[in-house]
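Biologist: I'd love a close look at the empty space inside this protein and at the residues packed around it. Could you walk me through it once we both have the structure up?

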Amino acid sequence: MLFTASIGTDEITFTRNSNKQVSLISSSRSQRDAAYRYDNKGLVTGISMTSVYHNTELLYEFTYTAGGRVEKLDYSIINEAGKTLQWRSLYEYQANGLLNKIVATSKDNAVLTYTFENYSDSCDLDPWAFISHVSVEEMYQLFNYPVMSTMHRFPGKITTSNGAGAVQKIVENTCTIQQQLLRKMNIKKVYPTIDQYDVSYFY
């Protein structure tokens with residue numbers, strides 16, 4: 001898989017294990033890897049991200065509901081000082097199985113709540129097209145393989161609130177779906193605390 005940007009081309013390489021599951025993702029430009037671990041049910045239990053440039057390991061650890069959906073995600077950093085939990089995210093679902101809310105709490109007790117509404121029609125979503133493959137990016141709680149691989153509808157509205165309940169950001173996603181394939185997405189970001197500011201993206 002090749003990604004081309006103004007800073008150059010990045011080749012993303014996927015390695016699969018004997019069960020045809022992705023076991024390693026490598027980035028040629030960043031020289032970073034993401035190693036995937038699975039349980040005996042085939043569920044991802046851990047994603048370990050490392051770089052040739054330093055000894056710090058970024059680690060996602062997943063636990064699941066009885067129905068196989070992500071229930072908790074712990075994001076930790078491992079270095080010479082040991083393993084330190086950075087964020088713990090808890091997942092809530094609607095009765096129909098759609099993701100309703102993610103509540104993330106940092107090691108310093110800061111809280112971010114992501115609320116999901118206005119889902120698109122059912123479509124074929126490729127999870128690898130949405131996730132950051134070898135690094136931790138904004139909204140990683142949603143954009144990771146274990147969560148995205150269970151989603152067949154995309155949230156039309158994602159609201160981010162802080163621990164006091166104040167809205168920090170609203171993302172509005174307008175999906176164009178044809179024959180159950182996601183053909184285009186218009187993404188608008190609104191920051192209520194910044195006057196008259198929004199950003200739109202087209203894919």
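What volume does the largest cavity have?

Modeller: Happy to, and please keep in mind that this is a predicted model. The largest cavity has a volume of about 80 Å³. The structure holds 1 cavity of 30 Å³ or more. Its lining is made up of 15 residues, and those closest to the centre are Tyr60, Ser132, Ser135, Phe143 and Asn144. Two elements, strand 4 (32-38) and strand 5 (44-51), give two or more residues each to that lining. Sorted by class, the lining of the largest cavity has 10 nonpolar, 4 polar and 1 charged residues.

Two of the central lining residues, Tyr60 and Phe143, lead us straight to the aromatic pairs. The count of such pairs comes to 10. Tyr60 pairs with Phe62: the ring centres are 6.2 Å apart and the planes stand at 85 degrees, so this pair is edge-to-face. Both Tyr60 and Phe62 are buried. Phe143 has Phe154 as a partner, with ring centres 6.5 Å apart and planes at 20 degrees, so that pair is stacked. Here distant parts of the chain are linked, as Phe143 sits in the loop between strand 10 (111-119) and helix 1 (145-148), while Phe154 sits in the loop between helix 1 and strand 11 (155-162), 11 residues apart. The burial of the two rings is worth a look too. Phe143 counts as partly exposed because its relative accessibility is 22%, and the cut-off for buried is under 20%. Phe154, at a relative accessible area of 2%, is therefore buried.

Now to the nonpolar packing. In soluble globular proteins, nonpolar side chains tend to be buried together. The largest nonpolar core has 40 residues, of which Tyr36, Phe116 and Leu142 touch the most other members. Strand 6 (residues 54-64) gives the most to this core, with 4 residues. If you centre your view on Tyr36, you will find it touching Val22, Ser23, Ile25, Val44, Gly46, Ile47, Trp128, Ile131 and Tyr145, leaving aside residues up to four places away in sequence. Tyr36 also belongs to an aromatic cluster, together with Phe14, Trp128 and Tyr145.

Val44 and Tyr145, both touched by Tyr36, turn up again in an open space. They are among the residues nearest the centre of the second largest pocket, along with Tyr38, Gly42 and Ser149. About 170 Å³ of space lies in that pocket, and 15 residues line it. By class, the lining of the second largest pocket divides into 8 nonpolar, 5 polar and 2 charged residues.

Two further residues are good stops on the way out. Thr159 is placed in strand 11 and is buried, its relative accessible area being 10%. Leaving aside residues up to four places away in sequence, Thr159 touches Thr113, Tyr114, Thr115, Glu117, Val167, Lys169 and Ile170. Val52 lies in the loop between strand 5 and strand 6, and its 58% relative accessibility is why it counts as exposed. From the C-alpha atom of Val52 to that of Leu181, 129 residues apart along the chain, the separation is 38 Å.

Methods: Residues are numbered from 1 along each chain as its sequence is written. This is a predicted model: local features need pLDDT of at least 70, side-chain atom pairs count only at pLDDT 80 or more; totals for chains, interfaces and linings use all residues. Side-chain values use heavy atoms; hydrogens and water are left out. On a 1 Å grid over the protein atoms alone, a cavity is a set of points where a 1.4 Å probe fits but cannot get out, and a pocket is an open set with protein on both sides within 12 Å along at least five of seven lines; lining residues have an atom within 4 Å of a point. Grid points are joined across faces, edges and corners, and a volume is the space filled by probe spheres set on the points. Ala, Val, Leu, Ile, Met, Phe, Trp, Tyr, Cys and Pro count as nonpolar, Asp, Glu, Lys and Arg as charged, and the others, Gly among them, as polar. A nonpolar core is a set of buried Ala, Val, Leu, Ile, Met, Phe, Trp, Tyr and Cys residues joined through side-chain atoms within 4.5 Å. Buried means under 20% relative accessible area, exposed over 50%, partly exposed in between (1.4 Å probe, protein chains only). Contact means heavy atoms within 4.5 Å. Rings of Phe, Tyr and Trp (its six-membered ring) pair if their centres lie within 6.5 Å; planes under 30 degrees apart count as stacked, over 60 as edge-to-face and the rest as tilted.
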